[in-house]
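Got the viewer open? Let's take a short walk through this chain, one selection at a time.

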Amino acid sequence: MSSSSSSKKLDVYGGKASFMTWSLHDVLYVAKHHWIPCIFAMGFLFFGSIEFTLGMVPSSSPPFDVGFITTRSLHHLLASKPKLNTFLAGLNTVFVGMQITYILWTWLVEGRPRATISALFMSTCRGILGYSTQLPLPQGFLGSRADFPVGNVSFFLFFSGHVAGCVIASLDLKRMQRWEMAWTFDALNVLQALRLLGTRGHYTIDLAVGVGAGFLFDSLEGKYEESKRSKAPTTNGTKEAFFLCTNGKN
């Protein structure tokens, strides 16, 4: 920023810095109408004080995970009832199959590739991050041959593709105003997260980042489609719907 533009902005406030012009009314207005940033500001101060005073977990100890503590009773239940664990794992696999089927359906049948490309973005990034930092399997992990991926195969812990894929599918459902199915996916995603914590199949941070990844890659894919649509020729004789939706809905 040039010095001239900076001086012009200061002239607007009578040569004073912006914060020097704040009044009590301004502060109350912000607290009333912009309370969400205020909550995050308090969260910044609160967790800042915790971070600098909290004892670090020794390298010889297992990670501290609030989700594992919260689901301790569920973990004991599933550990004592292997058949129940296998049954819930099978149900979860069916739910993952529903996500995959819907995401592919939107592209192959409806001609809307946004959810499919978002899932590809997400899966590639997950593979890179999961391979780059391979976290240790949580203590007490309750595996099942019925769980996705089926067969007790290895998997990346960071981040949860189960959760991220469901978020991508749910966002597409809401975009198309399929509200009942969207809320169903959201509810099942919460139950899925609880089961993953209860079986020690993921750390809490894996699930939280999975939610954020779903939103992030859906947004990035939307920007990708927008950029390609603005550059695409109007009449080129190609099947544009193979990559982009041409009816205004993505």
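Start by selecting V109. Is V109 buried or exposed? It counts as exposed, because its relative accessibility is 51% and the cut-off for that label is over 50%. Keep in mind that you're looking at a predicted model. As for where you are along the chain, V109 sits in the loop between α6 (82-108) and α7 (114-132).

Now widen the selection to I100, L104, W105, L108 and F148, keeping V109 in. Show the surface: together these residues make a nonpolar patch of about 570 Å².

Next, colour some ranges from the record. An unreviewed UniProt entry lists residues 35-57, 87-108, 115-133 and 153-171 under "transmembrane region". Such annotations may be inferred rather than shown by experiment. Pick 87-108 and you'll find 100% helix and 0% strand, with the end C-alpha atoms 31 Å apart. Hop over to 115-133: that stretch is 95% helix and 0% strand, and its end C-alpha atoms are 27 Å apart.

Time to go inside. Select I103, M122, F159 and F185. What do they have in common? They are the residues with the most contacts inside the largest nonpolar core, which has 16 residues. Switch to cartoon to see who contributes: α6, α7, α8 (161-175), α9 (179-198) and α10 (204-231) each give two or more residues to this core. The top contributor is α8, with 5 residues.

There's a second stop in the interior. Apart from that core lies another one, of 10 residues, including F68, V167, L196 and L207.

Back to I103 for a close-up. Which residues does I103 touch once its neighbours within four places in sequence are set aside? Light up A115, T116 and A119, then G165, I168 and A169: I103 is in contact with each of them.

Finally, zoom out and colour by secondary structure. You should get 10 helices and 0 strands, so expect the element string to read α-α-α-α-α-α-α-α-α-α from the N terminus on. Some whole-chain numbers to finish:

- Of the 250 residues, 30% count as buried.
- The accessible surface comes to about 16200 Å², and 69% of that belongs to carbon and sulfur atoms.
- Among contacts with a separation of 6 or more, 75% come from residues 24 or more positions apart.

Conventions:
Residues numbered from 1 in each chain as written. Predicted model: local features only at pLDDT ≥ 70, side-chain atom pairs only at ≥ 80, totals over all residues. Heavy atoms only, no water. Patch = residues over 30% accessible without salt bridge, like charges linked within 9 Å, V, L, I, M, F, W, Y side chains within 5 Å. Areas by Shrake-Rupley, 256 points an atom, 1.4 Å probe, with all protein chains shown as cover. Salt bridge = Lys/Arg side-chain N within 4 Å of Asp/Glu carboxyl O. Helix = DSSP H or I, 4+ residues; strand = E, 2+ residues; numbered from the N terminus. Buried < 20%, exposed > 50% of the residue type's maximum accessible area, 1.4 Å probe, protein only. Contact = heavy atoms within 4.5 Å. Core = buried A, V, L, I, M, F, W, Y, C linked by side-chain atoms within 4.5 Å.
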